[in-house]
Amino acid sequence: MTERALRLGTRRSKLAMAQSGQVAETVSQLTGRPVELVEITTYGDTSREHLAQIGGTGVFVTALRDALLAGEVDFAVHSLKDLPTAQPDDLALAAVPLREDPRDVLIARDGLTFAELPNGARIGTGSPRRMAQLNAYARGHGMTIETVPIRGNIDTRIGYVHKGELDAVVLAAAGLHRVGRIDEVTDFLSVDTVLPAPGQGALAIECAASNASLTAALAELDDPYTRAAVTAERSLLAALEAGCSAPVGALADLLADGQIVKEMRLRGVVGTTDGSTLVQLSTTGPVPETHDQALALGRELAAEMLAKGAAGLMGERVL
């Protein structure tokens with residue numbers, strides 16, 4: 001008798017289906033069981049409001065987690081940056097696979113790079129984090145740009161450029177890689193210009209904590225360096241008490257001496273969306289070997305950022 005298929009809960013967007021499909025193949029090879037995708041519509045997919053207004057983090061995750069807890073699906077794949085920073089006790093974060101490119105990218109008209117955009121260029125993004133850093137960079141380099149809030153899937157966003165409504169849009173490199181559209185990028189934004197969202201480019205594979213055998217099987221997909229990095233980034237975010245609507249960027253990367261990984265550097269930024277004020281700091285330490293060490297790295301940098309005035313830049317907290 002063949003074992004029944006494992007049910008993988010996924011959002012319906014083209015990007016979610018692409019990344020879930022890739023995970024499904026790997027899990028099927030690992031377990032020898034077929035994996036079927038179960039499409040779940042989340043509040044974040046149906047609401048037309050700006051993400052900052054509908055509660056930010058969690059709007060894409062809650063319906064998937066409800067389906068997991070109800071036993072309607074066996075495991076779920078999320079974009080890690082969508083996950084709230086507090087992990088529920090009854091769900092296991094079974095694996096954080098190897099991270100895709102964490103950078104933000106520009107897709108601009110006429111193949112332009114960010115530096116080549118004309119004065120007054122209109123750049124679309126739904127992210128206060130991107131707005132803050134793009135505006136700060138423009139201010140520092142004598143450029144004038146206008147950041148325009150947009151929503152929608154990858155097709156919709158790139159469509160604004162093709163139709164001539166915007167000069168450029170900013171998207172995550174990872175999503176474009178996963179849907180096979182990375183060749184449309186006109187500029188990869190250096191992390192020195194725009195720090196990504198905490199966890200950007202990484203996936204989270206979640207299942208019920210009570211399902212020990214599945215948790216163990218999925219753990220084979222875990223990349224320990226990626227997990228340490230995103231744990232530090234999300235710890236920084238949690239310590240800054242910032243939801244999705246706050247303009248916080250963070251990236252932990254590994255510093256290697258030849259082939260030997262020596263240290264982890266964590267960089268964080270928070271700023272006002274007009275780019276007039278940014279608090280940007282970094283810290284470097286031994287590569288965290290435990291979850292608690294990774295959490296501590298994030299908390300320490302957050303404390304330094306708060307001491308430098310980060311709290312006053314994050315606007316009103318949405319309760």
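Buried means under 20% relative accessible area and exposed over 50%, with partly exposed in between (1.4 Å probe, protein chains only). The model is predicted, so that local features need pLDDT of at least 70 and side-chain atom pairs count only at pLDDT 80 or more, while totals for chains, interfaces and linings use all residues. Residues are numbered from 1 along each chain as its sequence is written, and side-chain values use heavy atoms, with hydrogens and water left out.

**Exercise 1.** Determine whether H78 is buried or exposed, and list its contacts.

Solution. Begin with the position: H78 lies in strand β3 (strands are DSSP runs of E, at least two residues, numbered from the N terminus). Next, take the relative accessible area, which is 3%, so H78 is buried. Finally, leaving aside neighbours within four places in sequence, H78 is in contact (heavy atoms within 4.5 Å) with Q19, V61, L64, L83, A202, L203, A204 and E206.

**Exercise 2.** Identify which parts the salt bridge between D253 and R265 ties together.

Solution. First, D253 forms a salt bridge (a side-chain nitrogen of Lys or Arg within 4 Å of a carboxyl oxygen of Asp or Glu) with R265, the closest N and O atoms being 3.0 Å apart. Since D253 lies in strand β11 (residues 248–257) and R265 in strand β12 (residues 260–271), the pair ties together parts that are 12 residues apart in sequence. As for accessibility, R265 counts as partly exposed at 25%. D253 also meets the side chain of R267 in a salt bridge (3.0 Å, N to O), and R267, at 11% relative accessibility, counts as buried.

How values were computed:
Helices (H or I, at least four residues) and strands (E, at least two) are DSSP runs, numbered from the N terminus.
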